[in-house]
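User: I have a model open and would like to learn how to read its features. Could you take me through them in turn?

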Amino acid sequence: MTNTILLKSRPEGKPTVSNFEFVKDNSELEINDGEILLETAYVSVDPYLRGRMSDAKSYIPPFELNKPVQSGVVAKVTASKNDNFKNGDYVSGMLAWKTHQVSNGEGLLKVDGSQAPLSTYLGVLGMTGLTAYLGLNQIGKPVAGETIVVSGAAGAVGSVVGQIAKIIGLNVIGIAGTDEKIEMLKTKFGFDAGINYNTSKDIKADIAKAAPNGVDIYFDNVGGPISDAVLFNINRLARIIICGAISVYNSTETPMSVSVQPFLVKNSALMQGFIVSNYAEKFPEAIQQLSAWLSEGKLTYTETIVEGFENIPNAFIDLFEGKNKGKMIVKI
């Protein structure tokens, strides 16, 4: 039996469980020459999926209504008629929210659970780690001794960005939404300072206090007022890396924000958005470096693992409530 989760309707504002539909199919899945049968083991839920649930023009086509949602998945090969894969292999790639599915193997990467936990291939050794490493290095061009601010710092990407920055020798300040997360940033991930945006009475002043020499790099995962506050503290030649804007993904009205142009002109600063696939040719070297740091104990990670295929939509929705620490993953 195959269970599938379809996008039933496009969310207006914050997604709800009613936007999804569960479908069961009792028919047996058969494979042809060149195909493999996959059994889902882990599913990644990520904020960017919210954008694909709208029909607005973006860098990637929107999900179709009444079709399966897709995201990063680790799956086990349970039958194979493809010479590149054998029974028992584990693979990662963009796959449908299904318990079982047939694939021709294109776009799938074999992963080794004996080298690192399978879930890490959706996180620190997957798109999460690649996004952090490549965004920071390709756009941020960090130099030892500089100061970086990371928003959404307790999330999957932010927590890796901060650790990489520390490895390079930067002063790292993280912004997150609870005192517990701030403590985790400083004790587990080695951040130098943290700011709780929910209890801060003046984020702009708190950033200035934490970064008395100003901000050289800002890795932005949230957008909105938090990012506005960082702009008041940037240095000359600052680099502002736009990775995400989770604070406005569910907005039904046009968000209001300060005008960035005066800050960029006054400081000769760079602001650049990116998607990780921009740097696809650098994936191998990035994975090699991330794997080395992980094995050396220089890099660690936190996962929020929710169990049960039926809980995928709720896990996704919980991202927008900040209920995850690090990478949010559903174990099937």
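Analyst: We can begin with an internal space. The model is predicted. Its largest cavity draws the largest share of its lining, three residues, from helix H3 (residues 156-168).

User: How many cavities of 30 Å³ or more are there, and what volume does the largest cavity have?

Analyst: The count comes to one cavity of 30 Å³ or more. The largest cavity has a volume of about 70 Å³.

User: Which residues lie nearest the centre of the largest cavity?

Analyst: Those nearest its centre are Val-124, Ala-156, Tyr-301, Thr-302 and Lys-327, out of 13 lining residues. Sorted by class, the lining has seven polar, four nonpolar and two charged residues.

User: Next, the nonpolar core. What is the general idea?

Analyst: In soluble globular proteins, nonpolar side chains tend to be buried together. In this model, the largest nonpolar core has 46 residues. Leu-134, Leu-136, Ile-148, Val-161, Ile-164, Leu-185 and Phe-219 touch the most other members. Several elements each supply at least two residues of this core, among them strand S3 (36-44), strand S8 (147-151), helix H3 and helix H8 (283-295).

User: Which element gives the most to this core?

Analyst: Helix H2 gives the most, with six residues. There is also a second, separate core of 28 residues, which includes Phe-20, Leu-38, Val-69 and Ala-75.

User: How do I read a single member of the largest core?

Analyst: Look at what surrounds the residue, setting aside its close neighbours in sequence. Ile-148 is one case: leaving aside residues within four places in sequence, its contacts include Leu-136, Val-161, Ile-217 and Phe-219.

User: Is Leu-185 buried or exposed?

Analyst: Leu-185 has 0% relative accessibility, and therefore counts as buried. Leu-185 belongs to helix H4. Not counting residues up to four places away in sequence, Leu-185 touches Ala-153, Ala-154, Gly-174, Ala-176, Gly-190 and Phe-191. Distance along the chain and distance in space are two separate readings. Leu-185 and Ile-173 are 12 residues apart along the chain, and their C-alpha atoms are separated by 9.1 Å.

User: Now a polar residue. Where is Asn-324 found, and why does it count as buried?

Analyst: Asn-324 is found in the loop between helix H9 (312-318) and strand S15 (327-331). Asn-324 counts as buried because its relative accessible area is 9%, and buried means under 20%.

User: What does the side chain of Asn-324 reach?

Analyst: The side chain reaches the backbone oxygen of Gly-326 at 2.9 Å. Asn-324 is also in contact with Gly-155, Lys-181, Thr-304 and Leu-319, once its neighbours within four places in sequence are left aside.

User: Last, the backbone angles. Which residue has a positive phi of about 65°?

Analyst: That residue is Asn-66, which is not a glycine. Asn-66 lies in the loop between helix H1 (49-52) and strand S4 (70-80). Its relative accessible area of 48% makes Asn-66 partly exposed.

User: Where is Ser-268 found, and what is its phi?

Analyst: Ser-268 is in the loop between helix H7 (261-267) and strand S13 (270-273). Its phi is near 50°, again a positive value in a residue other than glycine. Ser-268 has 43% relative accessibility, so it counts as partly exposed.

Key. Residues are numbered from 1 along each chain as its sequence is written. This is a predicted model: local features need pLDDT of at least 70, side-chain atom pairs count only at pLDDT 80 or more; totals for chains, interfaces and linings use all residues. Side-chain values use heavy atoms; hydrogens and water are left out. On a 1 Å grid over the protein atoms alone, a cavity is a set of points where a 1.4 Å probe fits but cannot get out, and a pocket is an open set with protein on both sides within 12 Å along at least five of seven lines; lining residues have an atom within 4 Å of a point. Grid points are joined across faces, edges and corners, and a volume is the space filled by probe spheres set on the points. Helices (H or I, at least four residues) and strands (E, at least two) are DSSP runs, numbered from the N terminus. Ala, Val, Leu, Ile, Met, Phe, Trp, Tyr, Cys and Pro count as nonpolar, Asp, Glu, Lys and Arg as charged, and the others, Gly among them, as polar. Buried means under 20% relative accessible area, exposed over 50%, partly exposed in between (1.4 Å probe, protein chains only). A polar contact is a pair of N or O atoms within 3.5 Å; within protein, one must be able to donate a hydrogen and the other to accept it, and residues adjacent in sequence count only if both atoms are side-chain atoms. Contact means heavy atoms within 4.5 Å. A nonpolar core is a set of buried Ala, Val, Leu, Ile, Met, Phe, Trp, Tyr and Cys residues joined through side-chain atoms within 4.5 Å.
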